[in-house]
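Me: Could you take one helix of this model and go through it closely, from how it ends to what sits against it? Feel free to follow up with any other helices that help fill in the picture.

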Amino acid sequence: MSALPVIRKEKDIEEIVEEYGLLPFFRSAIPGFSIEEMASSSVWFPPKGEGVWDWKNPVIQNTGAAYGKFFLSRPGFVSASLFPLLAAYRRDGYDFEGMINDGLVTHTERILYSILEETGSETSTFLRYKANLSKSAFDSSNSRLQMRTFIMISGFDYNLTKEGKPYGWGIARYALPESVYDNFEENLDSHTPEDARDILYSHLRKKFPGTEASAINRLLG
């Protein structure tokens, strides 16, 4: 495996997302392959200026990538081209109604999904409020839905200064992938779960030829 790039600016993350297709934010199953490990110390928690925490929303908007807890319930990016494949694999042939019929989702997961199905998108603050859930119930249900790719973070909302500049920590905005991507269902249905997984595995094997198969499998979930 060739040396992984060093992240020093927002554009670096965008290029990595486009090239590799998947990019965990924190340490993951593949050693060295995460924003945490690739980011220069100058942009991890910079004393001044922007850093990796500020670049999540621009990366989403500029690349169209999905962001969410896709890697062992920890966050990261998946490119727009690979996300339908990941969803085809993770959903295992189910749509949400099928999951309900087979008793594979909890009551709180159904509540969160139905709100987003009705409204299109919601910030985490309002989604939790509308669902009337405790923080722990919201976080656990929300994480499970993200891991299964039924919901994603489509961007972050920020407070604005008088000059219109964003500041502070962004508030995650959740949405159903079907409402974000054109032809998502058609792209999803064009692959069986087995085929989708094989394509993703082959893609990562080419990017990380020296990595153990077990590490790639853990990354794919």
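**Helix H7 and some other helices**

Reply: Let's start at the end: right after H7 comes Gly120, a residue with a positive phi, near 95°. Keep in mind that this is a predicted model.

Now back along the helix itself. H7 runs over residues 107–119, and at 1.5 Å a residue its 13 residues should span 18 Å; the C-alpha atoms at its ends lie 19 Å apart, so the expectation and the model agree.

Which residues of H7 are buried? They are Thr108, Glu109, Leu112, Tyr113, Ile115 and Leu116. Around the axis these residues take up an arc of only 155°, so they sit on the same side of H7. That fits the usual helix arithmetic: with 3.6 residues a turn, residues three or four places apart point the same way. Turn to the face that looks away from the buried side and you find the exposed residues His107, Glu117 and Glu118.

And what lies over the buried side? The cover includes three helices, namely H6 (96–101), H8 (124–131) and H9 (135–147), along with the strands E4 (121–123) and E6 (166–175).

For a companion to H7, try H13, residues 213–220. Its buried residues are Ala215, Ile216, Leu219 and Leu220. Looking down the axis of H13, you'd see them fall within an arc of 135°, so they line one face of the helix. Among the elements covering these residues of H13 are strand E1 (22–24), strand E2 (66–71), H5 and H12. There's a glycine to note here as well: Gly221, just after H13, takes a positive phi of about 85°.

H5 and H12 also pack against each other. H5 covers residues 83–91 and H12 residues 193–207; the angle between them is about 130° and their axes are 8 Å apart. On the H5 side the contact is made by Leu85, Leu86, Ala88 and Tyr89, and on the H12 side by Pro193, Ala196, Arg197, Ile199 and Leu200. The two helices are therefore oblique to each other, and H5 passes H12 in a left-handed crossing.

One last pair, if you have the view open: H1 (residues 10–20) and H4 (residues 56–63) pack at about 50°, with 10 Å between their axes. That makes H1 oblique to H4. Here H1 passes H4 in a right-handed crossing. H1 brings Glu10, Ile13, Glu14, Val17 and Glu18 to the contact, while H4 brings Pro58, Val59, Asn62 and Thr63.

Technical notes
Residues are numbered from 1 along each chain as its sequence is written. This is a predicted model: local features need pLDDT of at least 70, side-chain atom pairs count only at pLDDT 80 or more; totals for chains, interfaces and linings use all residues. Side-chain values use heavy atoms; hydrogens and water are left out. Helices (H or I, at least four residues) and strands (E, at least two) are DSSP runs, numbered from the N terminus. The expected span of a helix is 1.5 Å times one less than its number of residues. Buried means under 20% relative accessible area, exposed over 50%, partly exposed in between (1.4 Å probe, protein chains only). The arc is that of the directions from the helix axis to the C-beta atoms. Contact means heavy atoms within 4.5 Å. Axes are lines fitted to C-alpha atoms, for helices over the stretch in contact, and angles run from 0 to 180 degrees between N-to-C directions. Angles under 35 degrees count as roughly parallel, over 145 as roughly antiparallel, 65 to 115 as roughly perpendicular and the rest as oblique. A crossing is left-handed if the near helix is turned anticlockwise from the far one by less than a right angle, and right-handed if clockwise.
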